[in-house]
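I opened this entry to keep track of what I looked up, going from the strand pairing to the helices and then to the chain as a whole. The notes follow the order in which I went through them.

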Amino acid sequence: MRIRIIFRSLPLFALLLLAACGFQLRGAVDIPYTRLYIANPYADTTLGAALRRQINAHQPEILVDTAGEATAVFRELSSYREREITVLDSDGRAREYQLRLLYSFRIETPQGQALTTVASIRLIRELTYDDNQVLSKEQEEEFLWRDMENDLVQQILRRLATLKPVLQPEQDGGDNKDMEQV
């Protein structure tokens, strides 16, 4: 009888444990800038389009079309994709690759002053390779790159929500009321 009661109370105990540890599902991010311009040198890329789409889905009123209208400018500093062989077989053929996506950005004023430090994101995925399955492995690699770009967009949004501006009081002209001063 006691064992039955213990087994029935285990799901309730697990839920209480999750609630106590602070577990919470990810929700919509709240970007702390009132008007944001995305200065992506490759605006027509899938990454730039996905970033705009995600911001528009949660806060459509903050994106602007020109840097002059913005209170903050999202500037991509670097984006780098790399595929490296990590495992070779006894014949010297590649058996495993590592896909890397390195991305860095910062938030600036429309005049080019840095509001935040440079934020860097590094994503890594492993890809096994088989000479007998060339087409399927190429498709798997493309899928992994798309997955990494989607993950990158989500991480950028989370960083945008948490990055605090680092403007010094003498640099702030008083016209950026939505910027915190540190």
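**Strand pairing**

I began at the start of β1, where L36 stands opposite A72 in β2. The model I am reading is a predicted one, and I keep that in mind for every entry below. Moving along the pair, I noted that Y37 has V73 in β2 as its bridge partner. I then looked up the pair as a whole and found that β1 and β2, the latter covering residues 72-88, run parallel and are joined by 4 bridges.

Next I followed β2 to its other neighbour, and recorded that β2 and β3 pair in the antiparallel sense, over 14 bridges. One of the pairs I checked here is E76, whose bridge partner in β3 is F105. The two strands form a hairpin with 5 residues between them, and in the turn I found G92 with a positive phi of about 85 degrees.

For the last pair I noted that β3 and β4 run antiparallel and are joined by 10 bridges, with E126 in β4 as the bridge partner of Q98.

**The sheet as a whole**

Putting the pairs together, I wrote down an open sheet of 4 strands in the order β1-β2-β3-β4, with mixed pairing. Its edge strands are β1 (36-39) and β4 (119-128), each of which pairs on one side only. Neighbouring strands in this sheet are turned against each other by 25 degrees on average, if direction is ignored.

I also asked which side chains of β4 point to the buried face and which to the other. The side chains alternate: A119, I121, L123, R125 and L127 point to one face and are buried, whereas S120, R122, I124, E126 and T128 point to the other and are not buried. I marked R125 as a member of the buried set, and E126, the partner of Q98, as a member of the other set.

**Helices on the sheet and on each other**

I turned to α2 and found that this helix lies across β1, β2 and β3 (94-108), running at about 170 degrees to β1. Helix α3 lies across β1, β2, β3 and β4, and runs at about 155 degrees to β4.

How do the two helices cross, and at what angle? The axes of α2 (residues 46-58) and α3 (residues 134-162) come within 10 Å and cross at roughly 50 degrees. The two helices are therefore oblique to each other, and α2 passes α3 in a right-handed crossing.

I listed the residues that meet there: T46, L47, A50, L51, Q54 and I55 on the α2 side, and E149, L152, V153, Q154, I156, L157 and L160 on the α3 side. Sorted by type, the residues of this contact divide into 9 nonpolar, 3 polar and 1 charged.

**The chain overall**

I closed with the chain totals. The protein chain has 3 helices and 4 strands, and along the sequence they follow the pattern α-β-α-β-β-β-α. Of the 182 residues in the chain, 33% are buried. Among contacts with a separation of 6 or more, 66% are accounted for by residues 24 or more positions apart.

Technical notes. Residues numbered from 1 in each chain as written. Predicted model: local features only at pLDDT ≥ 70, side-chain atom pairs only at ≥ 80, totals over all residues. Heavy atoms only, no water. Axes fitted to C-alpha atoms, helices over the stretch in contact; angles between N-to-C directions. Parallel < 35°, antiparallel > 145°, perpendicular 65-115°, else oblique. Left-handed = near helix turned anticlockwise from the far one by under 90°. Contact = heavy atoms within 4.5 Å. Nonpolar A, V, L, I, M, F, W, Y, C, P; charged D, E, K, R; others polar. Pairing = 2+ DSSP bridges. Buried < 20%, exposed > 50% of the residue type's maximum accessible area, 1.4 Å probe, protein only.
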